[in-house]
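Colleague: I've got this model open and would like a close look at one part of it. Could you walk me through one helix pair and then show me how that region sits in the rest of the chain?

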Amino acid sequence: MSDPSLRGEPLVAVRNLHVAFPSATGVTQAVRGVSFSIGREKLGIVGESGSGKSVTGRALMRLLPASAQVRADALRFGTTDILAASEREMRSLRGGRIGLVLQDPKYSLNPVMTAGSQIAEALRAHARMGKREARDAALNLLESVKIRDPRRVHDAYPHELSGGMGQRVMIAMMLAPNPELLIADEPTSALDASVQSEILSLIEEQVDQRGMALMLISHDLPLVSRFCDRVAVMYAGQVMEELPAADLHKATHGYTRGLLECLPSLTEKRDRLPTLRRDPAWLAPHA
Amino acid sequence: MKARLGALAATAASIPITLLGLAVVTFFIGRVVPIDPVLAVVGDRAPADVVERARIELGLDQPLLVQFWRYLTDILTGNLGRSVMTSNTVWEDIARFFPATFELATFAILVAAILGIGLGVLAATRQGSWADQAVRVFCLAGHSLPVFVLGLISLLVFYAWLGWLPGPGRQGIVYQDMVEPITGLLTLDAALANDWPAFWDAVLHLIQPAGILAFFSLAYIARMTRAFMLAELRSEYVTTARAKGLSSTRIVWRHAFRNTLVPLVTVIFLTYAGLLEGAVLTETIFAWPGLGQYLTVSLLNADMNAVLGATLVVGLIYVVLNLLADLLYRLMDPRTR
C-alpha cells in the first residue's frame, strides 16, 4: 500500500517548524515552532494576517523565497522529507501530489495564457501526454468543476473570466494531476459572497470524491468551523490551539475566544463588539 | 475580432494626423530659423532684382497658409526640394544615406536585443549574485561612457594596435563600387551578388560601429528587461506556475518572460527608432555615410531643404515603428484586444 494514511502514518507531518526571513533591518520570525499533522481530512488553519498560516502552507511545498530560513524537527509529506528532498523530487511533489489554490485568480493565473493551456500545462508537467490528449483532459476537468461552457472557457484568457470562474479554472488546474493534498490559501477571500459558497462546495465535493486531504487556510472562523474536520488557530507564528471544528465555539484559548467574541451576529443584538485584547503570554513559546 | 479591427483602424487613422503635425513642425522650423532660403540659393552678392525674383520663385511672397499648402502638396508628392550642398534632390540624398544608417541600426538592434534580453533575464533570475552585479556594472558603463571615448578606444585597440578590424568607413577601398547597389545595404548587396569577400569586408566594417551602438542600446534593454522580469517573477502567477511543478526554465521563459515581452517590445522598437534617426557621433567617428551625418553636415551648412527633409523622414520612421510596436503589443497582450 502506498497510501501512508492507511499505515497509520499521517500524510503530512510537521514538527517544530520555524521559518525566518532575514532582511536588512533584522530577522522576521514568521513561523515559530509549529507542529501539526494532516491525515485524509480537512484541516482548517485560521489566524489573522501575518500569523504565519500562508508561510506554513508554502513551506510544505518549499515555495518560499530563497532567502527564507526554514528548519524543523520534521517536515514530511508521506515518506518524503521536504527539507532534504532534491529539487527534482520537489517538482514532482508540487502539483503532482500537493496542489495549491491561491486567493485571487486575477493575479494567480497567467494573463497571457489561455485558461485551457494553463490547465494542460499542469497535466503535462506530471504525465506523458500529447497536446490533443491534454486538451481533452483539460476540457473534462473544466466540466468537472462545473463550468457550463467548457469550450469557451478553455480558450478564454483570465481577464475574460469572472472571479468565480477564474477560481474554478485554478481548482481544475490544481486537481489536474490528481494530488493527495490540496492546500487552499484563502480560496474565497477575493470572491463575492454568493460565489464563495459555490466555490467552497466545489472544493468540498472534489476533496470528497478524490479522497484528498485538504488544508484550508482562512481568516474566517465560522467558515472554517463549518467546513473542516479540525481547526488549528495560529497567532504570531505559533499554533495557539488545535481542536475539532465542531467544538470551535467551545474554544478555551484566550485568542480564539477573543476572535469569536468580536464577531457580529445576525440573531442577537450586540451593542458594541469587543476588541481583541492581546495577552503577551500568547507569544511565549509553548510545548 | 471586430473590436480588434476597430482599435487597429483607430491607430491607423492617427497616423495621418501625427504626420500632419510633423509637417507643421518642420514647416515652421523652416520659417523660424535665421537662415534666408533666398540667400542660400542666390548667394549674398546677388543684385536686388535677382533676390526678388528668387523670392517669388520660391513662393515666399505668398501668405503663410498658401506656403504651407504648397509645402504639404510638395512633400506628399515626394518633392522635398533640392539640397544646396549636394545639388541633388533631397529625396535622392536620403535614398543614398539612409541605407547606411538602416544597416548599422539593424545590426546594432539585433545584437542589443538578443544580448540585452539574455543579460537582463540572467540578472533577474540571479538577483544579488555576482552575475547580477556584473550585468549591472556593465549596463552602468553603457549608460555613462561617452560614445566618442569608446569609439576612439575601440579604433585604437582593434584597428591601430591589434589590426583585427578595419578602420572607419563602410567598406575597404578595393571593394568600393564593385558591387551593384540594389538595396543600398552593402552586406545584402554583396550577398545578392554572391561576392563573399565583399560581404565579409562589409561585415567587418560594421562590427565596430554596430557593436558600440549595440552596447549603448543593450545597456538600456538589459536594465529594462531586468526590472520587468523582477516584477513578473514576484507575481502570483509565478507562484502558481511553481506550485504546478514546472521546471524553472519554463517558469522563467514561458511564464515570466512572456509577460515581460509585452512592455519590452515598446522599449526595443523605440530604441531601434532612435538608432535609425542616425547616430551622429558614431557615424562621425567611423566616417559612416549615414543619415545622422547627412543631417548634421546639412545643418552646419544651413542647407534647410536637406535638414527639413531628413527630419521628416526621421519623424516618419518614428511614427511607423511606434505603430508596429503598438500592433505587436496588441498581438501579444490579450488584455488589449
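Modeller: Here's a walk through one helix crossing in chain B, followed by its surroundings. Keep in mind that this is a predicted model.

Let's start with the pair itself. Helix H5 of chain B covers residues 90-125 and helix H6 of chain B covers residues 130-144; their axes come within 8 Å and cross at roughly 140°. Angles over 145 degrees would count as roughly antiparallel, and 65 to 115 as roughly perpendicular, so H5(B) and H6(B) are oblique to each other. The handedness of this crossing is left-handed.

Who's actually touching whom? On the H5(B) side you'll find B:Leu119, B:Leu122 and B:Ala123, while H6(B) brings B:Ala131, B:Asp132, B:Val135 and B:Arg136. Sort those by class and you get five nonpolar and two charged residues, with no polar ones. The spacing along the helices fits a simple rule: an α-helix has 3.6 residues a turn, so residues three or four places apart point the same way. On H5(B), B:Leu119 and B:Leu122 both take part in the contact, as do B:Ala131 and B:Val135 on H6(B).

H5 turns up again elsewhere in chain B. Helix H13 of chain B (residues 291-300) has B:Leu291, B:Gly292, B:Gln293, B:Tyr294, B:Leu295 and B:Ser298 as its buried residues. Their cover includes H5, together with helix H12 (280-285) and helix H14 (304-332) of chain B. Just past the end of H13(B), B:Ala302 has a positive phi of about 55°.

Now zoom out. Chain B has 14 helices and zero strands, and its C-alpha trace spans about 85 × 60 × 40 Å along the principal axes. Of its 337 residues, 37% are buried. If you take the contacts between residues at least 6 apart in sequence, 69% of them join residues at least 24 apart.

For annotation, an unreviewed UniProt entry lists "domain: ABC transmembrane type-1" for residues 98-329 of chain B. That stretch is 78% helix and 0% strand in the model, with its end C-alpha atoms 27 Å apart.

Last, the neighbouring chain. The contact between the two chains takes 18 residues from chain B and 22 residues from chain A. On the chain B side, helix H10 (236-243) and helix H11 (248-276) are the elements giving two or more residues, and H10(B) gives the most, with six residues. By class, the chain B side divides into five nonpolar, seven polar and six charged residues.

Terms used
Residues numbered from 1 in each chain as written. Chains lettered and ligands numbered in written order. Predicted model: local features only at pLDDT ≥ 70, side-chain atom pairs only at ≥ 80, totals over all residues. Axes fitted to C-alpha atoms, helices over the stretch in contact; angles between N-to-C directions. Helix = DSSP H or I, 4+ residues; strand = E, 2+ residues; numbered from the N terminus. Parallel < 35°, antiparallel > 145°, perpendicular 65-115°, else oblique. Left-handed = near helix turned anticlockwise from the far one by under 90°. Contact = placed C-beta atoms within 7 Å. Nonpolar A, V, L, I, M, F, W, Y, C, P; charged D, E, K, R; others polar. Buried ≥ 20, exposed ≤ 12 C-beta atoms within 10 Å, placed from the backbone. UniProt positions renumbered as here; feature names shortened; annotations may be inferred.
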